[in-house]
Amino acid sequence: MNRRPLIVLAVALAAGLAAAGDALFLARPSARATEANTAPRRCLAVGSEEPNRGMVWVPAGDYAEGDTVYPEEGPVTPAHVHGFWMDRHEVTNAQFTAFVTATGYVTQAERSVDPATHPGLTAEMLEPGAVVFSMPKTVDGTEDISQWWRYTPGANWRHPAGPGSTIAGHENYPVVEVTHADALAYARWAHRALPTEAEWEWAARGGERRASMDHDQPANANTWQGVFPVMNSGEDGFVGLAPSGCYPPNRYGLYDMIGNVWELTADVFKPRHESGDDPDRTPQRDENSAQYVIKGGSFLCAPNYCARYRSGSREGQEADLAASHVGFRTILRAPGPPAALPAS
């Protein structure tokens with residue numbers, strides 16, 4: 001377990017905890033949508049009988065991996081991926097509950113931090129907990145993230161906004177406040193895997209070979225409309241996290257690849273040119289790595305901040321720090337149609 005990045009976050013958060021406003025976690029209908037008499041979105045009936053237990057086939061393909069909006073997204077390089085099965089939606093609270101019930105697994109956010117291996121953390125940040133987004137009333141620029149993020153003891157996947165919050169009634173929402181190790185444990189239990197960055201990016205493209213096709217803020221995805229972090233008009237129908245599958249799927253039949261929650265991958269976060277020359281590379285795992293690649297942006301991405309609602313975007317997430325805007329989905333490397341998936 002490596003929480004070295006928490007030391008930096010602890011310092012950043014120290015001055016901003018008292019200024020945090022109400023936590024924005026579970027979705028609520030946006031005022032703009034209500035005023036416009038917009039009909040509520042019909043979300044995917046997660047848990048219903050679906051072909052191949054909720055997975056869809058992503059065919060093999062060649063594409064230009066990477067993007068040019070932020071430096072860490074480049075260089076753009078040729079990539080090839082083999083075909084694979086992928087969850088059509090992000091892993092939900094209901095699915096993660098089934099995993100925990102079957103295995104007794106305890107997530108990292110539910111465990112105390114060992115001060116001997118993590119010197120320099122405050123007493124509060126040694127407690128079990130996770131990072132929660134809170135909308136401030138005002139901000140002084142966007143450099144100080146403690147104006148909207150706070151480390152919250154007692155926050156975890158069961159209580160994603162902290163003590164007193166619950167996932168009851170939100171079984172179809174993406175599970176959040178999970179770390180890379182938590183996602184990997186779920187995937188192994190399900191006899192599946194986390195996607196590599198290349199696999200995830202190709203799936204999100206839906207057959208498009210270049211990232212430049214998706215540079216605009218998407219109309220059909222859960223992102224932030226307005227000035228982050230103080231004003232969200234909710235024109236996309238939601239303010240905060242949305243249930244899985246409320247927006248049209250891409251051409252592969254995958255929901256919410258862009259927006260809603262960032263999605264964890266199997267790859268260590270490092271400059272892309274250091275990932276090797278083999279576009280068919282295996283996942284760059286390192287159980288002690290400081291950060292892993294997350295993809296797709298979240299409900300917090302806006303044009304004025306974190307314009308990462310794109311297939312080619314990438315960011316590093318601390319390996320053992322759970323957050324209220326990060327989730328995941330799994331893949332299965334198995335023969336494609338018409339073969340049936342092996343039993344899980």
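E201 is a good place to start: in this predicted model, its relative accessibility is 0%, so it counts as buried. What does its side chain meet? E201 forms a salt bridge with R205, with N and O 2.6 Å apart. The two sit four residues apart in helix α5, so about one helical turn separates them. R205 is counted as buried too, because its relative accessibility is 6%.

Now follow the chain out of that helix. E208 lies in the loop between α5 and β8 (238–239), and its side chain makes a salt bridge with R251 at 2.8 Å, N to O. R251 belongs to the loop between β8 and β9 (262–268), so this pair, 43 residues apart, ties together distant parts of the chain. Here the surroundings are more open to view: E208 is partly exposed, with 27% relative accessible area, while R251 is exposed at 59%.

Back to the sheet. Three strands make an open sheet in the order β2-β5-β13, paired antiparallel. Its edges are β2 (55–58) and β13 (331–332), each pairing on one side only. Helix α5 (residues 197–205) packs against this sheet and touches β2, β5 and β13, its direction making about 75 degrees with that of β5.

Strand β5 (residues 84–87) is joined to β2 by four bridges and to β13 by two. To trace the register, look at W85: W57 stands opposite it, and its bridge partner in β13 is L332. V58, in turn, faces F84. Both faces of β5 are covered, with F84 and M86 buried on one side and W85 and D87 buried on the other.

Just past this strand, in the loop between β5 and α3 (93–103), comes E90. Which side chain of opposite charge is nearest to E90? That would be R329, 4.1 Å away, and E90 is buried without a salt bridge. The cut-off for a salt bridge is 4 Å, so a distance of 4.1 Å does not count. The side chain of E90 does make a polar contact with that of N260, at 3.4 Å. Among the other residues in contact with E90 are Q95, P174, S244 and F328.

One last stop is a network of salt bridges linking D67, E72, E73, R308, R310 and E315. Within it, E315 and R308 pair with their closest N and O atoms 2.9 Å apart. R308 is buried at 10% relative accessible area, whereas E315 counts as partly exposed at 25%. Across the whole structure, the search finds 14 salt bridges.

Methods:
Residues numbered from 1 in each chain as written. Predicted model: local features only at pLDDT ≥ 70, side-chain atom pairs only at ≥ 80, totals over all residues. Heavy atoms only, no water. Pairing = 2+ DSSP bridges. Contact = heavy atoms within 4.5 Å. Axes fitted to C-alpha atoms, helices over the stretch in contact; angles between N-to-C directions. Buried < 20%, exposed > 50% of the residue type's maximum accessible area, 1.4 Å probe, protein only. Lys, Arg positive; Asp, Glu negative; His and termini not counted. Polar contact = N/O pair within 3.5 Å; in protein donor to acceptor, adjacent residues only side chain to side chain. Lists of a residue's contacts leave out its neighbours within four places in sequence.
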